[in-house]
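Here are my notes on the model, set out as numbered points. Please read them with the structure open.

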Amino acid sequence: MIFFNNKSKKVSADAVGGVKMQTKSKAKSNFDLSRKNAWLLWLCQCLNISVIALELSTWMLAIIALSLAWQALLLHQGREKGNSLSKNKTVSGHTHRQNSRQNSRQGTNVSPIVLGIFALLGCVAIVITAKEVGILASMLHLLCFSYALKGFELRSRSDFYQLLLLGLFVLAASLIFRQDLAFSLITFALLVLTLAVLLQFFSFEKTFVTNIKVVVILLCQSAILAIVLFLVFPRLSPFWQVPLAKSAETGLSDTVKPGDIANLTRSTKLAFRADFGQQKVPNYSQLYWRAMVLEEYDGRQWSRQHKFTRNKTAAAAKNFSFDNSATGVSPLSYQVLVEPSFQKYLFALAPSVVTGDAKGIQAQADHTFNNSKIISQAKSYRLTSYLTAPLTLELTKQSRQLNLSYPQGSNPRLEQLALQLQHNYVDVQARAQAVLNIINKENYSYTLQPPLLKNNSLDQFFFDTQAGFCVHYASVFTFVMRASGSPARMVTGYLGGEYNGVTNTGDNTGKLANKGHLSIYQYDAHAWSEIWVEGKGWLRIDPTSSVDPERVNSGWSTQLLQQQSELNNDLFSLYRMKNIAWLNALRLQFDALDYQWTRWVIGFTTKQQYDLFKNWFGQMVSWKLALIIAVSLVISMSMLMLFLHLLNRSKTKPQSLTKWQILYQKSMAKLAKQGMDKPSSMTVNDFAKEVRQQCPELAIVFTRLSASYNRLCYQTLSTNEQEKLMLTMQQQYQHFIQVLKK
Amino acid sequence: MAATAKFSLARPVRRFFQKHFERWLARRIPSQQEHQLNSRNIMIYPTRFGLAYLGFVVLVFLLGTNYQNNIILLFSYLLASLFISVMLHSFYNFSQLRFYSVAKQQGYAEEVLYFAIKITTEKTHYDINAHFTDKALNSQVEKIELCQQGSHELRLVYKTLQRGKHWLGRVTVFSEYSLGLFKSKSILDFGHYAIIYPKAKSLIADQYQLSAQADEPSIDSYQSTNSVGTDDFSELKSFVRGESKARTAWKQLAKGQGHYSKHYQAEQSQLHWLKLSEMPSNDVEIQLAYLSFLIGELTASNQSFGLQLSTELSCQSMNIAPNSGFHHQQACLTALALYS
């Protein structure tokens, strides 16, 4: 007996142990992604990192690519293992699901030591290069590095969650650098993808496309609340100083050499936009967007005056604004929206005054504007220009000296020409015209591919190569003017812009018909000169007009466009696009959308929010503000709930009852009065049996009724038969009532 | 020290809350065979991932605010409102499910019992999980990934070593659809209980003999069994495990015609009793295990028998009159299970 006892105990102990072991192993391996899901997750990682790839350094990209490729390899190997497993057990019908579970991502798990060493090395590399690339970039490196490595250790569900959240954070971080509509849409698409991977985890059986659909629906529903939040939630000022993005500067630079701008014009990136509202847009040849005035020349390149001296003159900048408004020239008011350039200069049609919110914008004496901070986000400001008004009428001695200086002997042949001209033409303007005439008459050409100059020699260009871009001509002109003793300077900026009138909101009044905006791209970059004429101030002279008048009057010639598309060698070059009408229309449409996006979403500032409230609700008080926020949130939330409720109701709408169902339910109700309830789980036949036992007098009639009901419900009958049976059932029902009454 | 103090303080508090929660739950979701999920019995709360997600949204909001970046802010608002719409989706995915389950299941100890829960739906639901609420049961989570319109079945597994009547308590049904941010949960009470029979323990034939119920309580039951052999031989039946070797038809066995046992006329008409007191062990549990085995064997060979658990004949509830068949077997086994 004792023996038995022991044995049974042992058995029971084993059994308990077995159960425990089972649950333990279950807890360990209960996370496994299906094969499809694992690949999707991998794809998601690749795409998410690719949106931020431009901000990462090459070595980090290499590491990330390596680890992702490694993961792909492991995944692939995992599949082979899974296949061999499934070959071994293809017998039972259940295997399908088991297989899909077995082909899990366990394969991507790498030993923690290797991973740890790898991670440590990566971190060390990031720390070492931190100084070089800046704090923000090194944080990004760290983020992306961990995002790529996390894929190696998907051991539990929380790892999976972490990976997805990291992915979302990478997406959010990528928005620091670019916010335009196209990029935002890409980010949104990737958000959908990431969430769909998460959803796939919970609804494994659905196809990925349906999951994407579900996520899109979910996000659209959330959009209601998100938009309300965006509109009403107070904009807070930054909580702490953050490292600013140190992205590559785009656009013009502080110094310019002949040939510089020609390189810039290969880019079809947007520089800024201008909106003239309902006013007429000035002629193309008047749209000289001034960015920088370059007054120093060292024989090779033109550069801006030193900051130190510039600041001194800044005080004078304020004065002329008032002078100009008094001259009675018709003002032109417009809004400028600058794309992030990671530089400080702004654009204006000189001379102009900042109107409205002038925070952070410094006007300079040379009629340019500077932002106090590097422009890392779209920035908008309003200007009023007096296009025909003269620029500064006074010239300080210091300034005159600066604008006459040039390194003696740097370009001897040009100096000689200048002396000759000085002798022939006493009047400054006539002298300038003479230079332009030379450029016009001689065999000069305007090209995007100017031949290289030795030491940036202007002599070589003017007398030998005779082919150049705007900077060449402006440099030569300014040099000759200076050498001939009249102050001259170089100005860089943009010329013209593409008018996009598709923003027409379709207002029937026709008032807004003129509404549109001007988009100025990098290829509109330009350089021209200004000469000082006593009594008239600084006069703008564009030497380009004498070599390629089309450029100045209406924009790029087809020849230039062709040249550009050849140089860029891309399929969707501007030239090709402009030749295909529908594509061009699409491009303009998208540009208009992007403009609205930049204006209303990116540029939605605290002030605009305040104005919006003021428009809608009148004067703002803080309690009113709080009330508005609360009420709008509640309303949008209840809208969402109502919407979802209706959506779900319509799906679960009960089917209309058939005649026989009504009849049967009537008899049920009659029986219930007699104290006989049919539980919903009981079948019709079972209930009939019970009725037979409890009320024998009802037995026959009710059994017949039940039988008819069953036949009507479950047998496939022709409509004719159905009607007949329905009639019999009605008769049976009458019988049943009669018997029941007795 | 501090930790232990905290622990000792926390326990009564937790017990207090648990007690109140259970009382509240009993009022809110009373015991029923059938439940339909609606706003009354669904509890919905963020999972740990949901909370982490919220923290993440705040982080994105900080990022947007610090960079004064409207798109990042919009991103964070979108994620925040997604949190709310997922909550509603999660609720609608879970509501209107119907659950039906039979309260009672029976089986032997160490055997796996399945509590079937029938789920009826009117639309498609996803990711429906169920397990016994009681953590001590160590119940595995059963899952239906796709619950299309119609009815489905989940089978909860229960396995125990102890005989008796076990109340299994409530069943937790939950779903983390759609993004795992929220757990929609309901703690349903089907009144589940399991009748666990003692595990059958095979008995060597020599150790027992079927005994007839003595007409007079004064006569020793062993005496009466001895008289069985004196009756007229009636037939040969194939040997059933557990039968006395004394009745083996040795002649037939020796000829190689198979293992038969002799049956006698008197035995057919005579009623046999299984008695707890006669089982060869000191341990009641083992005695019950033998009885469980014998009941199984006798039913398999379609013999009629009675069960006597109490030595006092007057105690009617502990004795089951001789009978045969499946229902009789169950009644006997239930009596064994509930014996105390």
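1. A residue is buried if 20 or more other C-beta atoms lie within 10 Å of its own, exposed if 12 or fewer, and partly exposed in between. Keep in mind that this is a predicted model. Chain A has 742 residues, and buried residues make up 34% of them.

2. Next, the make-up of chain A. Its secondary structure comes to 27 helices and 17 strands. Take the contacts in chain A between residues at least 6 apart in sequence: 73% of these join residues at least 24 apart.

3. Now the contact between the chains. How many residues does each chain put in? Chain A gives 49 residues and chain B gives 50 residues. On the side of chain A that touches chain B, six helices each supply at least two residues: α1 (2–29), α7 (157–174), α8 (181–202), α9 (208–232), α21 (581–602) and α23 (622–651). Which of them gives the most? It is α9(A), with nine residues. By class, this side of chain A divides into 34 nonpolar, 13 polar and two charged residues.

4. Within chain B, look at a helix pair. Helix α7 (residues 284–300) and helix α8 (residues 326–338) of chain B have axes that come within 10 Å and cross at roughly 180°. Angles over 145 degrees count as roughly antiparallel. Therefore α7(B) and α8(B) are roughly antiparallel to each other.

5. The residues that meet in this pair are worth picking out on screen. From α7(B) come L288(B), L291(B), S292(B), I295(B) and T299(B). From α8(B) come Q329(B), C332(B), L333(B) and L336(B). The contact of α7(B) with α8(B) has six nonpolar and three polar residues, and no charged residues.

6. Check the backbone at Q466(A). Its phi is positive, about 55°, although Q466(A) is not a glycine. Where does Q466(A) lie? It is in the loop between α15 (458–465) and β12 (467–468) of chain A. Q466(A) counts as partly exposed because it has 17 C-beta neighbours inside 10 Å.

7. Chain B has a residue to check as well. Q96(B) has a phi near 70°, a positive value in a residue other than glycine. Q96(B) sits in the loop between α3 (70–94) and β3 (98–101) of chain B. Is Q96(B) buried, exposed or partly exposed? With 17 C-beta neighbours inside 10 Å, Q96(B) counts as partly exposed.

Notes
Residues are numbered from 1 along each chain as its sequence is written. Chains are lettered from A and ligands numbered from 1 in the order in which they are written. This is a predicted model: local features need pLDDT of at least 70, side-chain atom pairs count only at pLDDT 80 or more; totals for chains, interfaces and linings use all residues. Axes are lines fitted to C-alpha atoms, for helices over the stretch in contact, and angles run from 0 to 180 degrees between N-to-C directions. Helices (H or I, at least four residues) and strands (E, at least two) are DSSP runs, numbered from the N terminus. Angles under 35 degrees count as roughly parallel, over 145 as roughly antiparallel, 65 to 115 as roughly perpendicular and the rest as oblique. Two residues are in contact if their C-beta atoms, placed from the backbone, lie within 7 Å. Ala, Val, Leu, Ile, Met, Phe, Trp, Tyr, Cys and Pro count as nonpolar, Asp, Glu, Lys and Arg as charged, and the others, Gly among them, as polar.
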